[in-house]
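Work through the exercises below with the sequence and the coordinates open, and try each task before reading its solution.

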Amino acid sequence: MIAGAIWLAAISWSAAPQVVDSVRVETRTPTWMAPPLDSLRGAPLERETVLRALEDAVGRAEARGFLLALAAADSLDSAGTLHLSAEAGRRFVWGGVRDRGTSRLRPEVLSRLSRIGPGLDADPDRMEPARRRILSTGYVEEASAPAIARIPRTSAVRMVVDLRDLPSSFVEGAGGWSQGEDPAGSVEIHLADLAGTARDLSFGISQGGTSLRAHGIWKEPWIGPLDIGAIGHGELDQDSLSRRWTLSCDLEWSLLDGLGKLHTGMATTRSAEVPPGDTAFGPELVEWASRLGASWRSTPPVPWPVNETRLALDLEAALLEADTGRSGRLRIGAEADFRRGVGPAVARLGGRGRGIWPLDRSAGASESRAIGGILLWRGWPEGSPRTPSWLQAIAEVAIGGPRSGGVGAFFEPGVLARRNPDLSWSAMQAWSAGSFAAILLERWQVDLVVSVRDDTPRWNEALLSVRAVNRF
């Protein structure tokens, strides 16, 4: 690894160090390296003080790409003058990132992910943020620490990493069964880092009772030379009371070394619903919406998180056009999740919710969303319940580990909006509770959940849900 050098000459250090009367820096020292050395004038002649000044001078050079910089304290004469020297040496620039491991990420993709592309000053301080940005994708893990290597016969250096691919793509299937209710299930396919390009493709379908939802998502990591990603999303959501098509496109910025996301975008929706007391779908409603959101998580997603914090906030403003005229709608969604290891157990506290304004007679069935499912409001089948606004809390304790999985119990109380006979809305309390087991194999994760909710008629009619995920 290329690095600067700091030399401290043999200067006698007494118990009561004298003060440096003056400083003399050799004329070949670059002016931008001199300020830390000049600051020694009038300072105590202490080893730590001089060493700190030399380190600052070399650090200034390395930040500009002069990786062979030298700084030295040469001598102290009888007049109390400290003689110093510093030279920058040859300037280097980054020449990208190279992987000496087995990752399928392409070199140009690694350089874009790291944001230390060719031509930038070869500042070693860029390496740690670059490393965190690469690992935050969830595509790879690190086999050994990164290093700097010079590209032969050039003034460029590379950041050399040693990476292994993680099984970040997956196929997921989930189903739920309970006496007296229709079976519910879902299938989800996520293809990550297609051909080493950092592009992702997801699509899936889920059904619960009369509810059907299908969706597809394409993620483009960059738009031309900009470090901005693009996400296209299409969704169909329908049941016996409403149907809705949605198309959207979002621009996404990666922040905080890849753990934070900021996105903004536009969406258009066409929906229709069955009016109260009727059996046929009414006229179509067209919607145009703009949205803004932010999210942050402390670590990349893993099957069995032990210590994790996750926060998300989404805002949407929509203009609705129908045969009866125009109207507006504001929507907000939020999520907070905290997991902490407590001895052999993992404690989890969190909450999630969605709200719309105005919540009045104009909020029809097409405004409602399904909040059930094995990973969401456990105890409620996929596609149930459906409501335009809800708030849910999560309390959970689990025992296990990231290699084998484990077992746990949860309690999820909540409040949701319920439609009244006069078409107004009122708040209804609800809860679900149960236990779960997560089994982690080499490529498989199997989740088993047994749960009940506040309206479960008998305990033997508890909901059994099974989820299996194959990662590759």
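**Exercise 1: Backbone exceptions in loops**

Pro358 is placed in the loop between strand S18 (345-357) and strand S19 (369-370), where helices (H or I, at least four residues) and strands (E, at least two) are DSSP runs numbered from the N terminus. This is a predicted model, in which local features need pLDDT of at least 70 and side-chain atom pairs count only at pLDDT 80 or more, while totals for chains, interfaces and linings use all residues. Residues are numbered from 1 along each chain as its sequence is written, and side-chain values use heavy atoms, with hydrogens and water left out.

Task: describe the peptide bond that leads into Pro358, and state which sign of phi is found at Ala195 and at Asp257.

Solution. Begin with the expectation that most residues other than glycine have a negative phi, and that most peptide bonds are trans. The bond from Trp357 to Pro358 is cis, with omega near 0°. Next, turn to Ala195, in the loop between S9 and S10, which is not a glycine and yet has a positive phi of about 55°. Ala195 is exposed because its relative accessible area is 56%, the classes being buried under 20%, exposed over 50% and partly exposed in between (1.4 Å probe, protein chains only). Finally, Asp257, in the loop between strand S13 (242-255) and strand S14 (260-273), also is not a glycine and has a positive phi of about 55°.

**Exercise 2: Strand S9 and its partners**

Task: determine which side chains of S9 are buried, and then identify what stands opposite Glu188 in S10.

Solution. In a regular strand the side chains alternate between the two faces of the sheet. Along S9 (residues 184-191), Ala184, Ser186, Glu188 and His190 point to one face and are buried, whereas Gly185, Val187, Ile189 and Leu191 point to the other and are not. The second step is the pairing, which requires that DSSP finds at least two bridges between two strands. Strand S8 (residues 170-177) pairs with S9 in the antiparallel sense over 7 bridges, and strand S10 (residues 200-208) pairs with S9, again antiparallel, over 8 bridges. Glu188 of S9 thus has Glu172 opposite, and Gly204 in S10 stands opposite Glu188 as well. As a last step, follow the chain from S8 to S9: the two form a hairpin with 6 residues between them, and Gly180 in the turn has a positive phi of about 85°.

**Exercise 3: Three arginines**

Task: for Arg244, Arg329 and Arg104, decide whether each is buried or partly exposed, and find the backbone oxygen that each side chain reaches.

Solution. Start with Arg244 in strand S13, which counts as buried because its relative accessibility is 4%. Its side chain reaches the backbone oxygen of Ser366 at 3.2 Å, a polar contact being a pair of N or O atoms within 3.5 Å (within protein, one must be able to donate a hydrogen and the other to accept it, and residues adjacent in sequence count only if both atoms are side-chain atoms).

Continue with Arg329 in strand S17, which is likewise buried, at 4% relative accessibility. A polar atom of the Arg329 side chain lies 3.3 Å from the backbone oxygen of Ser362, and a further polar contact of 3.4 Å joins the side chains of Arg329 and Glu367. The contacts of Arg329 (heavy atoms within 4.5 Å), leaving aside neighbours within four places in sequence, include Trp357, Pro358 and Ser362, so that the residues of the cis bond appear here again.Conclude with Arg104, in the loop between S5 and H3, which is partly exposed, with a relative accessible area of 36%. The backbone oxygen of Asp193 lies 3.2 Å from a polar atom of the Arg104 side chain, and Arg104 touches Asp165, Ala192, Asp193 and Gly196, not counting residues up to four places away in sequence.

**Exercise 4: Helix H4**

Task: list the buried residues of H4 and state which elements they pack against.

Solution. In helix H4 (residues 127-136) the buried residues are Met127, Ala130, Arg133, Ile134, Leu135 and Ser136. These buried residues pack against strand S5 (93-99), helix H3 (107-114), strand S6 (140-150) and strand S7 (156-165). Just after H4, Gly138 takes a positive phi of about 80°.
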